[in-house]
Structures are given as structure tokens and as C-alpha cells.
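Student: Could you take me through one part of this structure up close? I'd like to hear about the aromatic rings and what sits beside them in the sequence.

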Amino acid sequence: MWEGAALVLIVLGVLLWVDSLRARERAVHAGRAACQRYDLQFLDETVSFARIRLGRDDGGQLKIARTYTFEFSDTGNNRRHGAIVMLGADVQDLHLEPYRMQ
């Protein structure tokens with residue numbers, strides 16, 4: 001009996017891992033697009049995982065909300081922080097640390 005439960009937990013863990021990889025790739029794309037839109041440099045070409053929780057979308061459906069952080073530069077010689085919240089497969093929020101417009 002416990003073998004079946006262990007197998008189910010392993011399968012659920014793998015599914016969560018694959019879904020997290022997809023969400024991370026979407027977050028990288030969203031961060032890169034935001035930096036291009038505002039003429040910023042997307043540093044290191046990656047995001048890092050910061051938080052996972054449950055959240056509800058506009059329709060009230062329960063989904064996994066993941067927060068990723070990244071760094072960008074407005075001048076090329078500094079690092080500023082940004083954050084992306086993914087709700088399921090969609091970008092829920094994108095935050096950029098304030099920077100001076102040139």
C-alpha cells in the first residue's frame with residue numbers, strides 16, 4: 001500500500017518540477033521582454049526562484065503562484081532588482097526597482 005502512495009508522490013513531484021521549469025522559462029521571457037520594452041539590460045539572462053504559494057486567478061480558480069527575481073541595469077554599470085510573479089502559466093505581476101530615466 002505504501003509503495004503506491006510513494007509512487008503517486010514521486011509522480012506528483014515530477015509533474016510539479018516540469019511545471020516549474022515551464023513557468024521559469026516564461027518568466028525569463030517576460031523579464032527579457034520588459035527590459036527590451038524599457039531599453040534596459042537584462043543581466044545574466046536568467047531569473048532565480050524566490051517563493052511559491054497558492055493564489056487565485058480572476059475567475060477564482062486556485063493556481064500555483066511562483067515569484068522569480070532578476071537583475072537589470074539602466075546604465076550598464078549598476079545592478080537593479082526586479083521581480084516577476086507567475087500565476088499558473090501567466091504573468092500576474094512584474095515589478096522593476098525604480099531607476100533614473102535617461
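Tutor: Here is a walk through the ring pairs, followed by a serine. Keep in mind that this is a predicted model. A search of the whole structure turns up four aromatic pairs. Take Phe42 and Phe70: their ring centres are 5.5 Å apart and their planes sit at 55°, so this pair is tilted, given that only angles over 60 count as edge-to-face. That pair ties together distant parts of the chain, with Phe42 in strand E1 (residues 41-56) and Phe70 in strand E2 (residues 62-73), 28 residues apart. Both Phe42 and Phe70 are buried. Phe70 also pairs with Phe72, and that pair is tilted too, at 6.3 Å centre to centre and 45° between the planes. As for accessibility, Phe70 comes out at 4% relative accessibility, so it counts as buried. Phe72 is at 0%, so it is buried as well. Put the ring pairs together and you get a cluster of Phe42, Phe70, Phe72 and Tyr99.

Now for the serine. Ser73 belongs to strand E2, and its relative accessibility is 1%, which means that it counts as buried. Its side chain makes a polar contact with the side chain of Asn78, at 2.8 Å. A polar atom of the Ser73 side chain also lies 3.5 Å from the backbone nitrogen of Thr75. Leaving out residues up to four places away in sequence, Ser73 touches Leu40, Gln41, Leu43 and Asn78. Asn78 therefore turns up twice for Ser73, as a residue it touches and as a side-chain polar partner within the 3.5 Å cut-off.

Definitions and conventions. Residues numbered from 1 in each chain as written. Predicted model: local features only at pLDDT ≥ 70, side-chain atom pairs only at ≥ 80, totals over all residues. Heavy atoms only, no water. Phe/Tyr/Trp six-rings, centres within 6.5 Å; stacked < 30°, edge-to-face > 60°. Helix = DSSP H or I, 4+ residues; strand = E, 2+ residues; numbered from the N terminus. Buried < 20%, exposed > 50% of the residue type's maximum accessible area, 1.4 Å probe, protein only. Polar contact = N/O pair within 3.5 Å; in protein donor to acceptor, adjacent residues only side chain to side chain. Contact = heavy atoms within 4.5 Å.
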